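Please read the following account with the coordinates open beside it, moving from the aromatic rings to a surface patch and then to a single polar side chain.

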Amino acid sequence: MTSILGYEQKIQKLLDANWLQFTHLAATKQTLDMHHWASYFAYDVVSELALGRAFGMVKQGRDVDDYMKAVLGNFWMGANLGHIPGQRKWLNNPISPYLIRFFGGDTLKGTFKFREYVRKAVQDRFDSKQKRDIPDMLQHFIEAKDRDGSSVSFSDVMKEASIVRMFSIFGFC
């Protein structure tokens, strides 16, 4: 219950920032595309609750670093590659990031950019060992224990954070 109440404060802060943007758009008589703004808000909320840091889409009024595009593209790519045997080996090897950086399309580049964002957020928190007053999902993952009572690995936390982020955002879109 404490975590849920803490989440409410985080969401309210993003709602306030969203309302400030709406007020600015109304004052300058700019068109308000609710489809985009609802998506910006959803991505920021999920990122804040999952990783303790929002993307900043509400604040900037845009898809920051094309993360929305990358997430949706990643689902499209996964759906298509899922029919090819051994497809994970294509993407999860040391050569793929190099090839994608120079020859890949925007979706593939965005996927690696998104993965790096999540890795950095997890690494920063994993290294700091600082507890938050109101834990977010990432904090819960870090404090989790294996069946034998030992602490979870960075790799395990990274997997959980990536899955929660991807599927939570997908559910909001």
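## Rings, a patch and a glutamine

In this predicted model, the count of aromatic pairs comes to eight when ring centres within 6.5 Å are taken as the rule. A pair of aromatic rings is described by the distance of the centres and the angle of the planes. One aromatic cluster is formed by Trp19, Phe22, Trp37 and Tyr40, and these four residues can be picked out together in the view.

Turning to the surface, Ile95, Tyr98, Leu99, Phe102 and Phe103 make a nonpolar patch of about 590 Å². One of these residues, Ile95, has its place in helix α6, which covers residues 95–103. Ile95 counts as exposed because its relative accessible area is 54%, and the cut-off for that class is over 50%.

Where, by contrast, does Gln139 lie, and is Gln139 buried or exposed? Gln139 is found in helix α8, made up of residues 137–143, and Gln139 is classed as buried because its relative accessibility is 4%, where the class requires a value under 20%.

The side chain of Gln139 takes part in two polar contacts that can be followed in turn: one joins it to the side chain of Arg125 at 3.3 Å, and another joins the side chain of Gln139 to that of Glu143 at 2.9 Å. When neighbours within four places in sequence are left aside, Gln139 is in contact with Arg125, Gln130, Lys131 and Arg132, so that Arg125 appears both in this contact list and as a polar partner of the Gln139 side chain.

Note on methods: Residues are numbered from 1 along each chain as its sequence is written. This is a predicted model: local features need pLDDT of at least 70, side-chain atom pairs count only at pLDDT 80 or more; totals for chains, interfaces and linings use all residues. Side-chain values use heavy atoms; hydrogens and water are left out. Patches are made of residues with over 30% relative accessible area and no salt bridge: like charges are joined within 9 Å, nonpolar side chains (Val, Leu, Ile, Met, Phe, Trp, Tyr) within 5 Å. Accessible areas come from the Shrake-Rupley method with a 1.4 Å probe; for residues, only the protein chains shown count as cover. A salt bridge is a side-chain nitrogen of Lys or Arg within 4 Å of a carboxyl oxygen of Asp or Glu. Helices (H or I, at least four residues) and strands (E, at least two) are DSSP runs, numbered from the N terminus. Buried means under 20% relative accessible area, exposed over 50%, partly exposed in between (1.4 Å probe, protein chains only). A polar contact is a pair of N or O atoms within 3.5 Å; within protein, one must be able to donate a hydrogen and the other to accept it, and residues adjacent in sequence count only if both atoms are side-chain atoms. Contact means heavy atoms within 4.5 Å. Rings of Phe, Tyr and Trp (its six-membered ring) pair if their centres lie within 6.5 Å; planes under 30 degrees apart count as stacked, over 60 as edge-to-face and the rest as tilted.
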